[in-house]
Amino acid sequence: MERKKWKHLMMLLMLTAAVSMVAAGCGNSNNAGNANNASSGNTGQAAGETPAEPVTISLGLLPSIDAIPFIIAHEQGFDKEHNVNLDIQTFKSAKDRDVAFQAGKVDGLSADLVAISIYNEAGLDVKITSTTTGEFDLLTGNDDVKEVKDLKGKTVILSKNTSTQYTVAMMLKQAGLTEDDITVTEVPQIPTRLELLKNNKADAAVLPEPFVTMGKTAGLRVLSSTVSAGINPFVLAFPQSAIDAKGQAIREMYTAYDEAVAYMKSHDQSEYIDLIIKEVGYPDTLKNEIKVPEYLPAYQVDVKEVEAAFAWAREKGLLTKKLSAEEVISDVQFKK
């Protein structure tokens with residue numbers, strides 16, 4: 001990618017210190033694409049031929065619940081069964097992930113709709129290949145705050161110009177409030193958000209797992225979540241160049257993903273909980289408190305979700321280009 005484009009991108013990301021924690025579960029595999037063995041990443045071979053080497057797909061993921069099905073797909077060998085090698089690279093922050101993306105060390109990455117707007121604002125042709133089932137929760141320790149509407153005039157901790165702020169904006173809108181009705185304290189560091197909330201330094205904060213479970217164990221309460229509010233900004237994305245080069249392998253990756261989802265449905269949580277603790281970062285002491293999401297087979301993002309996030313990004317000045325949802329949605333696996 002051009003140095004100028006990446007310089008622009010990284011300047012934008014300085015405003016969005018933690019673009020997102022994201023995210024998880026994808027959707028229903030479209031097997032129609034598997035018949036196209038002429039595309040790059042072809043996994044088929046004629047009888048008697050030596051099987052081709054697995055096509056490596058490197059994924060830049062954050063230590064969050066959206067990574068789990070991909071990790072299980074690799075650990076259980078579902079990727080190899082489809083002649084794909086998932087090279088999963090986990091990063092502690094969105095900034096580190098994007099540096100690796102800039103350096104060409106990952107093909108695709110877990111992201112969110114606000115990040116997608118930023119990438120494309122910077123001139124990068126990054127496409128959404130599917131949604132993922134991540135989750136943000138809005139937690140409080142203030143006994144006077146029973147519902148989201150009670151946050152009027154209160155202080156909320158989040159990271160500005162990111163999907164966490166977008167999530168809060170949508171939750172407030174559903175409660176009949178606007179962002180002007182709250183006072184925002186910007187804290188990009190998620191562990192710090194939790195500690196401030198536990199010490200009554202704010203009335204609410206947006207947190208991902210494992211910090212939600214940690215907060216609930218400490219007595220905090222969930223006011224709303226992206227799941228209950230029907231908001232899903234979490235996606236998996238690839239640059240168009242990677243889609244062109246590894247289209248068939250990406251389709252096979254999603255087949256392996258779906259098999260990992262089926263595996264989790266058919267096996268007791270105790271059989272893979274240690275892997276989740278290790279990869280997501282839950283404390284061992286919360287082993288019995290962890291509730292693994294009910295992941296769905298992979299599916300494509302809702303156009304309306306993209307439009308809503310892009311509209312918010314424009315309001316914040318993060319997106320100035322005329323960019324439609326359809327332009328950032330790939331049909332490599334699912335039809336638009």
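1. In what order do the strands of the open sheet of five strands with mixed pairing that includes E1 stand? The order is E2-E1-E3-E10-E4. Before you go further, please keep in mind that this is a predicted model. The sheet is a good place to start a tour, and the points below build outwards from it.

2. Let us look at the rims of this sheet. Strand E2 (84-90) and strand E4 (126-131) stand at the edges, and each has a single partner strand, so one side of each is left without a neighbour in the sheet. On average, neighbouring strands here are turned by 35 degrees against each other, with direction ignored.

3. Within the sheet, strand E1 (residues 55-61) and E3 run parallel and are joined by two bridges. If you would like a spot to find on screen, try Gly60, which stands opposite Leu109 in E3.

4. Which helices pack on this sheet? One of them is helix H2 (residues 68-75), which touches E1, E2 and strand E10 (234-239). The direction of H2 makes about 135 degrees with that of E2. H9 packs on the sheet as well, touching E1, E2, E4 and E10. For H9, the direction makes about 130 degrees with that of E10.

5. There is another open sheet of five strands to visit, with the order E7-E6-E8-E5-E9 and mixed pairing. Its edge strands are strand E7 (183-186) and strand E9 (221-225), each of which pairs on one side only. Neighbouring strands in this sheet are turned by 30 degrees against each other on average, again ignoring direction.

6. Strand E5 (residues 136-140) runs antiparallel to E9, and four bridges join the two. A handy landmark is Leu139, which stands opposite Val222 in E9. Helix H6 (residues 163-174) packs on this sheet and touches E5, strand E6 (155-158), strand E8 (204-208) and E9. The direction of H6 makes about 70 degrees with that of E5. Helix H7 (residues 190-198) lies across E5, E6 and E8, and runs at about 140 degrees to E8.

7. Is Leu138 buried or exposed? This residue sits in strand E5, and its relative accessibility is 1%, so Leu138 counts as buried. Setting aside neighbours within four places in sequence, its contacts include Val148, Leu151, Val156, Val168 and Met171. Also among them are Ala204, Ala205 and Val206, together with Arg221, Val222, Leu223 and Ser224. The C-alpha atoms of Leu138 and Thr167 are separated by 9.1 Å, and these residues are 29 residues apart along the chain.

8. Now to the charged side chains. How many salt bridges does the structure hold? There are seven. Side chains of opposite charge can pair when their charged atoms come close. The next points look at some of these pairs.

9. Lys246 forms a salt bridge with Asp107, and their closest N and O atoms are 3.0 Å apart. This pair links distant parts of the chain, 139 residues apart: Lys246 is in helix H9 (residues 240-266), while Asp107 is in the loop between helix H4 (94-102) and strand E3 (108-112). Asp107 has a relative accessible area of 16%, so this residue is buried. Lys246, at 23% relative accessibility, counts as partly exposed. The cut-off explains the two labels: buried means under 20% relative accessible area.

10. Asp274 pairs with Lys287 in a salt bridge, with the closest N and O atoms 2.9 Å apart. Here too the pair links distant parts of the chain: Asp274 lies in helix H10 (residues 273-280), and Lys287 in the loop between H10 and helix H11 (303-315), 13 residues apart. Asp274 is partly exposed at 46% relative accessible area, and Lys287 is partly exposed at 36%.

11. Lys149 forms a salt bridge with Glu147, where the closest N and O atoms are 4.0 Å apart. Lys149 is partly exposed, with a relative accessible area of 46%, and Glu147 is partly exposed at 43% relative accessibility.

12. One last stop is Pro297, in the loop between H10 and H11. Pro297 has a relative accessible area of 30% and is partly exposed. Between Pro297 and Ala262 the C-alpha to C-alpha distance is 8.0 Å, while in sequence they are 35 residues apart.

Methods. Residues are numbered from 1 along each chain as its sequence is written. This is a predicted model: local features need pLDDT of at least 70, side-chain atom pairs count only at pLDDT 80 or more; totals for chains, interfaces and linings use all residues. Side-chain values use heavy atoms; hydrogens and water are left out. Buried means under 20% relative accessible area, exposed over 50%, partly exposed in between (1.4 Å probe, protein chains only). Two strands pair if DSSP finds at least two bridges between them. Axes are lines fitted to C-alpha atoms, for helices over the stretch in contact, and angles run from 0 to 180 degrees between N-to-C directions. Contact means heavy atoms within 4.5 Å.
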